[in-house]
Amino acid sequence: MIEKLSLPVSVGITFDHSKRKVVPKWILWEGKLYPVEKVGLHHTYREGRTLFHVFSVASKTLFFRLVLNTDTLYWRLEEISDGMPD
Amino acid sequence: MECRTELTFNPKPSTIMHLDLNSCFATIEQQANPHLRGKPIAVAAYSTLLGCIVAPSVEAKTYGVKVGMRVKEGKFLCPSLIVLPPDPWKYRNVHLGLRKILGDYTDKFYPKSIDEFVLNLEGYPAYEKGMFNVGLKIKQRIKKEIGEWITVSIGIAPNRFLAKTAAGLHKPDGLDEINKENFKDIYASLALTGLCGIKIRNAARLNSMGIYTVLDFYEAPYWKLKSAFESILGYYWYLRLRGREVDDVIFARRSYGNSFALPKPLTSVEELSPVLSKLVEKTGKRLRRAGYKIRGVHLAISYRDGNFWHRGVTTPKVLFDSRDIYKIAFRLLNRSPYKGSVRELAVSVFNLLGEPSLQLELFDDLEKKERIVKAVDAVNERWGDFVITPARMMETKDVVIDRIAFGGVKELEEFTYR
């Protein structure tokens, strides 16, 4: 099931200077910590001049769409899914 | 005495590569969400039961789910089908990633759509490494640099048409060549309607001339094809099947337009005008951003009872302001003789003019108007689309959402040159 949201969320990331890559490592949502097992895709888009980075990531059981607003550096959780049909 | 000059298959080595991203939108969604991999999924214009499926995944296709089906038909064939709404920027980013990779092999690469590219490697150092090796390398790089779930089918041939045909031979993840050595064997394995551009009507034309297979098609003399198509198309097909190039033509943009399939039935002009306004605003913004003005507006309306009405007008004045375009589109909307429930509304503008100098008017200060329009565009560019909009567009927040055009590449110019 897919659930569309728009909620502030805590995200832990690492930056690897040798690979020049930012990788989300964990998500703290509703008091629960979800370690990121896999980053499926990273893409960007703009609204006006504001650049947003979207990380599509998966924990063991859930998928999260995390969006970083590069103006405010705030993260939002925009979607969760368990990969099952509705 | 009969004079015959038979044109043979092009002996030139294969230098054209066609690359096709398999089940594009669905594969990208599976790349983004690893929990969807290996499952039947479909990207649909709307995830409601009447939404149109625009991309089934490879797994969904095995259940018979096809592009163009309604979601409810897809769910009937495959009850476990997972339906997702489209996410255009995700697909555009992958498209840009592909462009970046392909640009390393040749600068003669042409996007044919969001998920299809044609490359010409003739004369480039990459060609010396062998077309197959380049194809394999591109596949590897796509998996490493874009995503391991992304697969592409690659076709290699002396011309674009056969390269596309070769790319369709093995899906997903194919790599095939059609050349002077194997073309007859491959033609023998294909159905006439399996050729891109030959569907039922063209097949019937060919059948009427005794052409039933692709080999018949290839072996048919030119006069037969000319009679079958009754146009220059017969000549083009004669050349295409012989590996000669006739498709390296890039058509210039001649219009801008936006359309919207209404999710709920709207009938009255009062109900339709906010949607019309948003369509015009979108078209106007794209038009001005590309540096054009126009002298023609067109409106097309599809009704839920199957009726279709459209009308275009050439305007005496050069237009650039969405408000002026709206006035004409609104007049056209009122001229429709049908008053039924509308299924789809489409606005387009034509007679594009590349920044002509404006004819000054007696009562209207056009320079002032142009400055206002530019200022509004600048605010929307800075703070996001539709920050400043006409009041009539209120309550259309989620109407006319971002979409990727099917088949065309014209919209790609708008984000690749940002």
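A residue is called buried here if 20 or more other C-beta atoms lie within 10 Å of its own, and exposed if 12 or fewer do. Keep that cut-off handy for the stops below, and remember throughout that you are looking at a predicted model.

**Stop 1: B:S23**

Select B:S23 and colour whatever surrounds it. With 25 other C-beta atoms within 10 Å, B:S23 is buried, because the cut-off for that label is 20 or more. Now check its backbone: phi is positive, about 45°, although B:S23 is not a glycine. To find your bearings, look at the loop between β1 (16-21) and α1 (24-32) of chain B, which is where B:S23 sits.

**Stop 2: the cis peptide bond**

Stay in chain B and move along to B:K171 and B:P172. The peptide bond that leads from B:K171 to B:P172 is cis, and its omega is near -5°. B:P172 belongs to the loop that runs between α7 (160-167) and β8 (175-177) of chain B.

**Stop 3: all of chain B**

Zoom out and show chain B as a cartoon. You should be able to pick out 16 helices and 13 strands. Try colouring by domain: domain 1 covers 11-181, domain 2 covers 186-250 and domain 3 covers 256-416. If you place a marker at the C-alpha centre of domain 1 and another at that of domain 3 of chain B, the two are 32 Å apart.

How far does the C-alpha trace of chain B span along its principal axes? About 70 × 65 × 45 Å. The radius of gyration of chain B is 24 Å, which agrees with the value near 22 Å for a compact globule of 418 residues. Switch to colouring by burial and 35% of those 418 residues come up as buried. A contact map is worth a glance too: of the contacts in chain B between residues at least 6 apart in sequence, 62% link residues at least 24 apart.

**Stop 4: where the chains meet**

Bring chain A back into view. Which side of the meeting place should you select, and how many residues will you get? On chain A there are 17 residues in contact with chain B, and on chain B the matching number is 19. Two strands of chain A, β5 (38-47) and β6 (50-58), each supply at least two residues of the side that touches chain B. β5(A) gives the largest share of that side, seven residues. Colour the side of chain A that touches chain B by class and you get six nonpolar, seven polar and four charged residues.

**Stop 5: an open sheet in chain A**

Next, select β2, β3 and β4 of chain A. These three strands form an open sheet in the order β2-β3-β4, with antiparallel pairing. β2 (10-16) and β4 (32-35) of chain A stand at the edges with a single partner strand each, so one side of each has no neighbour in the sheet. Look along the sheet for the twist, which averages 25° from one strand to the next.

Then zoom in on β2(A) and β3 (residues 21-29) of chain A, where seven bridges join the antiparallel pair. Which residue of β3(A) is the bridge partner of A:G12? Select A:W26 and you have it.

**Stop 6: A:L73**

Finish in the loop between β7 (63-69) and β8 (74-81) of chain A, the place of A:L73. Is A:L73 buried or exposed? A:L73 is exposed, having 7 other C-beta atoms within 10 Å. Check its backbone as well: A:L73 is a residue other than glycine with a positive phi, near 60°.

Technical notes
Residues are numbered from 1 along each chain as its sequence is written. Chains are lettered from A and ligands numbered from 1 in the order in which they are written. This is a predicted model: local features need pLDDT of at least 70, side-chain atom pairs count only at pLDDT 80 or more; totals for chains, interfaces and linings use all residues. Two residues are in contact if their C-beta atoms, placed from the backbone, lie within 7 Å. Helices (H or I, at least four residues) and strands (E, at least two) are DSSP runs, numbered from the N terminus. Ala, Val, Leu, Ile, Met, Phe, Trp, Tyr, Cys and Pro count as nonpolar, Asp, Glu, Lys and Arg as charged, and the others, Gly among them, as polar. Two strands pair if DSSP finds at least two bridges between them. Axes are lines fitted to C-alpha atoms, for helices over the stretch in contact, and angles run from 0 to 180 degrees between N-to-C directions. Domain bounds come from an automatic or database domain assignment. The radius of gyration is taken over C-alpha atoms; the globule rule is 2.2 Å times the number of residues to the power 0.38.
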